[in-house]
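Please look at the structure below and consider how a protein can hold a ligand. The briefing after it goes through the surroundings of that ligand, topic by topic.

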Amino acid sequence: MSVRFVEASRLPTDWAVFTMHGFEDVTANKEHLVLTLGDVSTDEPVLTRVHSECLTGDTLFSLRCDCGNQLQAALRAIAHEGRGALLYLRQEGRGIGLLNKIRAYKLQDEGADTVEANEQLGFGADMRDYSIVQPMFAHLQMSKVRLMTNNPRKVSALTDLGIEVTERVALQCDSNPHNEKYLQTKGAKLGHMFEAR
Ligand SMILES: Nc1nc2c(ncn2[C@@H]2O[C@H](COP(=O)(O)OP(=O)(O)OP(=O)(O)O)[C@@H](O)[C@H]2O)c(=O)[nH]1
Ligand SMILES: [Zn+2]
(Lines give C-alpha, C1' and ligand atoms only; values in the text may rest on other atoms or scores of the structure.)
(Ligands and ions follow the chains in the order given, each with its own letter.)
Protein backbone atom coordinates (compact mmCIF):
# COMPACT_ATOMS: atom_id res chain seq x y z
CA MET A 1 0.00 0.00 0.00
CA SER A 2 1.35 3.36 -1.00
CA VAL A 3 -0.21 5.42 1.83
CA ARG A 4 2.21 6.41 4.59
CA PHE A 5 2.05 8.53 7.71
CA VAL A 6 4.03 11.78 7.55
CA GLU A 7 3.45 13.88 10.70
CA ALA A 8 0.88 14.89 13.32
CA SER A 9 0.10 18.22 14.98
CA ARG A 10 -2.56 19.98 17.04
CA LEU A 11 -5.61 21.38 15.21
CA PRO A 12 -7.64 23.71 17.44
CA THR A 13 -11.24 24.32 16.29
CA ASP A 14 -14.34 25.88 17.81
CA TRP A 15 -15.46 22.41 18.88
CA ALA A 16 -12.28 20.82 20.24
CA VAL A 17 -8.52 20.66 19.92
CA PHE A 18 -8.03 17.73 17.55
CA THR A 19 -4.84 15.95 16.62
CA MET A 20 -4.30 16.17 12.85
CA HIS A 21 -2.46 13.23 11.27
CA GLY A 22 -1.12 13.74 7.74
CA PHE A 23 -0.74 10.87 5.25
CA GLU A 24 0.56 10.80 1.73
CA ASP A 25 -0.43 8.46 -1.06
CA VAL A 26 2.70 8.45 -3.16
CA THR A 27 1.15 6.44 -6.00
CA ALA A 28 -1.93 8.63 -6.45
CA ASN A 29 -0.08 11.81 -5.39
CA LYS A 30 -2.79 12.69 -2.83
CA GLU A 31 -2.55 14.01 0.72
CA HIS A 32 -5.10 12.74 3.25
CA LEU A 33 -5.89 13.75 6.82
CA VAL A 34 -7.26 12.15 9.94
CA LEU A 35 -8.44 14.26 12.87
CA THR A 36 -8.59 12.39 16.15
CA LEU A 37 -9.77 13.29 19.61
CA GLY A 38 -8.90 11.29 22.71
CA ASP A 39 -7.29 7.85 22.73
CA VAL A 40 -8.57 5.98 19.65
CA SER A 41 -6.21 3.03 20.06
CA THR A 42 -8.18 1.28 22.83
CA ASP A 43 -10.56 -1.62 22.18
CA GLU A 44 -13.68 0.56 22.61
CA PRO A 45 -15.31 1.25 19.18
CA VAL A 46 -14.42 4.73 17.93
CA LEU A 47 -17.06 7.22 16.75
CA THR A 48 -15.78 7.71 13.21
CA ARG A 49 -16.58 9.70 10.08
CA VAL A 50 -15.03 8.73 6.74
CA HIS A 51 -15.55 11.97 4.81
CA SER A 52 -14.93 12.41 1.09
CA GLU A 53 -13.58 15.78 0.05
CA CYS A 54 -16.14 18.20 -1.39
CA LEU A 55 -14.43 21.54 -1.92
CA THR A 56 -17.70 23.19 -2.93
CA GLY A 57 -19.67 21.94 0.06
CA ASP A 58 -16.97 21.72 2.73
CA THR A 59 -15.34 25.09 2.14
CA LEU A 60 -17.39 27.16 -0.33
CA PHE A 61 -20.75 26.84 1.44
CA SER A 62 -22.49 25.15 -1.53
CA LEU A 63 -26.11 24.18 -0.95
CA ARG A 64 -26.07 21.63 -3.81
CA CYS A 65 -25.12 18.83 -1.43
CA ASP A 66 -25.06 17.98 2.27
CA CYS A 67 -21.28 17.56 2.68
CA GLY A 68 -20.45 20.76 4.58
CA ASN A 69 -23.25 20.20 7.07
CA GLN A 70 -22.24 16.58 7.54
CA LEU A 71 -18.61 17.57 8.12
CA GLN A 72 -19.56 20.05 10.84
CA ALA A 73 -22.09 17.68 12.40
CA ALA A 74 -19.50 14.90 12.56
CA LEU A 75 -16.84 17.09 14.19
CA ARG A 76 -19.40 18.38 16.66
CA ALA A 77 -20.52 14.83 17.53
CA ILE A 78 -16.91 13.71 18.08
CA ALA A 79 -16.23 16.74 20.28
CA HIS A 80 -19.41 16.06 22.24
CA GLU A 81 -18.33 12.48 22.81
CA GLY A 82 -14.78 13.54 23.68
CA ARG A 83 -13.32 10.77 21.53
CA GLY A 84 -13.41 9.92 17.83
CA ALA A 85 -11.85 10.16 14.40
CA LEU A 86 -12.63 11.95 11.16
CA LEU A 87 -10.86 10.71 8.05
CA TYR A 88 -10.75 13.44 5.41
CA LEU A 89 -10.17 11.62 2.14
CA ARG A 90 -9.20 13.50 -1.01
CA GLN A 91 -11.78 11.71 -3.15
CA GLU A 92 -13.34 14.85 -4.60
CA GLY A 93 -16.49 14.31 -6.66
CA ARG A 94 -16.86 10.66 -5.55
CA GLY A 95 -13.44 10.05 -7.04
CA ILE A 96 -13.78 11.86 -10.40
CA GLY A 97 -12.05 15.08 -9.29
CA LEU A 98 -13.18 18.69 -8.98
CA LEU A 99 -13.22 19.69 -12.64
CA ASN A 100 -15.16 16.60 -13.65
CA LYS A 101 -17.58 17.34 -10.80
CA ILE A 102 -18.15 20.77 -12.34
CA ARG A 103 -18.81 19.03 -15.67
CA ALA A 104 -21.28 16.77 -13.84
CA TYR A 105 -22.95 19.76 -12.17
CA LYS A 106 -23.35 21.43 -15.60
CA LEU A 107 -25.16 18.31 -16.86
CA GLN A 108 -27.30 18.40 -13.71
CA ASP A 109 -28.10 22.07 -14.39
CA GLU A 110 -29.45 20.80 -17.72
CA GLY A 111 -31.63 18.11 -16.15
CA ALA A 112 -29.52 15.00 -15.49
CA ASP A 113 -29.45 13.55 -11.98
CA THR A 114 -26.19 12.99 -10.12
CA VAL A 115 -25.82 9.38 -11.31
CA GLU A 116 -26.81 10.06 -14.95
CA ALA A 117 -24.35 12.96 -15.08
CA ASN A 118 -21.44 10.74 -14.03
CA GLU A 119 -22.49 8.11 -16.55
CA GLN A 120 -22.79 10.63 -19.38
CA LEU A 121 -19.19 11.61 -18.65
CA GLY A 122 -18.09 7.97 -18.90
CA PHE A 123 -17.64 7.39 -15.14
CA GLY A 124 -19.32 4.97 -12.78
CA ALA A 125 -21.79 6.48 -10.30
CA ASP A 126 -19.20 6.20 -7.50
CA MET A 127 -15.48 5.82 -8.30
CA ARG A 128 -14.16 5.89 -4.70
CA ASP A 129 -11.61 3.33 -3.54
CA TYR A 130 -11.67 2.96 0.24
CA SER A 131 -8.59 0.73 0.49
CA ILE A 132 -6.55 3.85 1.28
CA VAL A 133 -8.08 3.91 4.77
CA GLN A 134 -6.46 0.62 5.78
CA PRO A 135 -2.95 2.01 6.48
CA MET A 136 -4.52 4.97 8.29
CA PHE A 137 -6.51 2.69 10.58
CA ALA A 138 -3.43 0.53 11.11
CA HIS A 139 -1.28 3.55 12.00
CA LEU A 140 -3.88 4.77 14.51
CA GLN A 141 -4.37 1.23 15.88
CA MET A 142 -8.11 1.48 15.22
CA SER A 143 -10.07 -1.63 14.30
CA LYS A 144 -13.61 -1.05 15.62
CA VAL A 145 -15.78 1.89 14.62
CA ARG A 146 -19.21 3.36 15.09
CA LEU A 147 -19.53 4.80 11.60
CA MET A 148 -21.35 8.06 10.95
CA THR A 149 -22.81 7.61 7.45
CA ASN A 150 -26.01 7.08 5.49
CA ASN A 151 -24.18 5.08 2.82
CA PRO A 152 -24.46 1.30 3.19
CA ARG A 153 -21.67 0.78 0.62
CA LYS A 154 -19.27 2.64 2.89
CA VAL A 155 -20.16 0.25 5.71
CA SER A 156 -19.52 -2.81 3.53
CA ALA A 157 -16.31 -1.36 2.04
CA LEU A 158 -14.84 -0.91 5.52
CA THR A 159 -16.07 -4.33 6.64
CA ASP A 160 -14.40 -5.90 3.59
CA LEU A 161 -11.16 -4.23 4.65
CA GLY A 162 -11.33 -5.97 8.02
CA ILE A 163 -12.59 -2.99 10.00
CA GLU A 164 -15.39 -3.91 12.37
CA VAL A 165 -18.35 -1.54 12.06
CA THR A 166 -20.14 -2.14 15.37
CA GLU A 167 -22.84 0.44 14.62
CA ARG A 168 -23.99 2.75 11.81
CA VAL A 169 -24.80 6.18 13.18
CA ALA A 170 -27.13 8.19 10.90
CA LEU A 171 -25.69 11.53 9.81
CA GLN A 172 -28.66 13.31 8.36
CA CYS A 173 -28.75 17.06 7.89
CA ASP A 174 -31.65 19.29 6.86
CA SER A 175 -32.35 19.48 3.13
CA ASN A 176 -32.83 22.73 1.22
CA PRO A 177 -34.45 23.54 -2.16
CA HIS A 178 -31.07 23.18 -3.92
CA ASN A 179 -30.19 19.69 -2.70
CA GLU A 180 -33.60 18.01 -2.41
CA LYS A 181 -33.35 16.23 -5.80
CA TYR A 182 -29.74 15.26 -5.10
CA LEU A 183 -30.69 13.68 -1.78
CA GLN A 184 -33.67 11.90 -3.39
CA THR A 185 -31.40 10.43 -6.06
CA LYS A 186 -28.89 9.28 -3.45
CA GLY A 187 -31.71 7.45 -1.68
CA ALA A 188 -33.25 5.99 -4.85
CA LYS A 189 -30.15 5.12 -6.91
CA LEU A 190 -27.20 4.96 -4.53
CA GLY A 191 -28.96 3.21 -1.65
CA HIS A 192 -28.43 5.91 0.97
CA MET A 193 -30.57 5.40 4.04
CA PHE A 194 -32.56 8.52 4.86
CA GLU A 195 -35.28 8.67 7.43
CA ALA A 196 -38.36 10.82 6.82
CA ARG A 197 -38.21 13.97 8.91
N1 LIG B 1 -19.61 13.15 -9.14
C2 LIG B 1 -20.31 13.84 -8.26
N3 LIG B 1 -19.84 13.91 -7.00
C4 LIG B 1 -20.56 14.59 -6.11
C5 LIG B 1 -21.76 15.23 -6.43
N6 LIG B 1 -22.24 15.82 -5.32
C7 LIG B 1 -21.36 15.56 -4.33
N8 LIG B 1 -20.34 14.82 -4.80
C9 LIG B 1 -19.20 14.25 -4.10
O10 LIG B 1 -19.69 13.18 -3.34
C11 LIG B 1 -18.82 12.94 -2.24
C12 LIG B 1 -19.69 12.74 -1.00
O13 LIG B 1 -20.47 11.62 -1.24
P14 LIG B 1 -22.00 11.53 -0.91
O15 LIG B 1 -22.62 10.65 -1.97
O16 LIG B 1 -22.59 12.93 -0.73
O17 LIG B 1 -22.09 10.85 0.48
P18 LIG B 1 -21.33 9.57 0.98
O19 LIG B 1 -19.97 9.99 1.40
O20 LIG B 1 -21.41 8.46 -0.03
O21 LIG B 1 -22.24 9.10 2.17
P22 LIG B 1 -22.37 9.71 3.62
O23 LIG B 1 -21.33 9.00 4.44
O24 LIG B 1 -23.73 9.37 4.04
O25 LIG B 1 -22.12 11.19 3.52
C26 LIG B 1 -17.87 14.12 -2.19
O27 LIG B 1 -16.61 13.69 -2.72
C28 LIG B 1 -18.52 15.14 -3.11
O29 LIG B 1 -17.57 15.96 -3.76
C30 LIG B 1 -22.25 15.13 -7.75
O31 LIG B 1 -23.30 15.61 -8.12
N32 LIG B 1 -21.48 14.43 -8.63
ZN1 LIG C 1 -20.72 17.90 -1.44
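What follows describes the place of ligand 1 in this predicted model. Ligand 1 is surrounded by 24 residues, and the closest among these are R49, E53, T149, N151 and K186. The space that ligand 1 takes is the largest cavity, and residues from two domains contribute to the shell around it.

**Position between the domains**

- Domain 1, which covers 3-91 + 132-190, and domain 2, which covers 92-127, both give residues to the shell around ligand 1, and therefore ligand 1 lies between them.

**Make-up of the shell**

- When the residues of the shell around ligand 1 are divided by character, four are nonpolar, 11 are polar and nine are charged.
- Helix 3 provides the largest share of this shell, with three residues.

**Polar contacts and burial**

- A polar side-chain atom of T149 lies 2.5 Å from an oxygen atom of ligand 1, and for N151 a polar side-chain atom is found 2.7 Å from an oxygen atom of the ligand.
- R94 also places a polar side-chain atom by ligand 1, at 3.2 Å from an oxygen atom.
- Ligand 1 would expose 650 Å² if it were taken alone, and the protein buries 99% of that area.

**Elements around the ligand**

- The elements that each give two or more residues to the shell around ligand 1 are strand 4 (46-52), helix 3 (98-109), helix 4 (114-120) and helix 7 (180-189).

How values were computed. Residues are numbered from 1 along each chain as its sequence is written. Chains are lettered from A and ligands numbered from 1 in the order in which they are written. This is a predicted model: local features need pLDDT of at least 70, side-chain atom pairs count only at pLDDT 80 or more; totals for chains, interfaces and linings use all residues. Side-chain values use heavy atoms; hydrogens and water are left out. A residue is near a molecule or strand if one of its heavy atoms lies within 4 Å of it. A polar contact is a pair of N or O atoms within 3.5 Å; within protein, one must be able to donate a hydrogen and the other to accept it, and residues adjacent in sequence count only if both atoms are side-chain atoms. Accessible areas come from the Shrake-Rupley method with a 1.4 Å probe; for residues, only the protein chains shown count as cover. On a 1 Å grid over the protein atoms alone, a cavity is a set of points where a 1.4 Å probe fits but cannot get out, and a pocket is an open set with protein on both sides within 12 Å along at least five of seven lines; lining residues have an atom within 4 Å of a point. A molecule sits in a cavity or pocket if more than half of its atoms lie within 2 Å of its grid points. Helices (H or I, at least four residues) and strands (E, at least two) are DSSP runs, numbered from the N terminus. Ala, Val, Leu, Ile, Met, Phe, Trp, Tyr, Cys and Pro count as nonpolar, Asp, Glu, Lys and Arg as charged, and the others, Gly among them, as polar. Domain bounds come from an automatic or database domain assignment.
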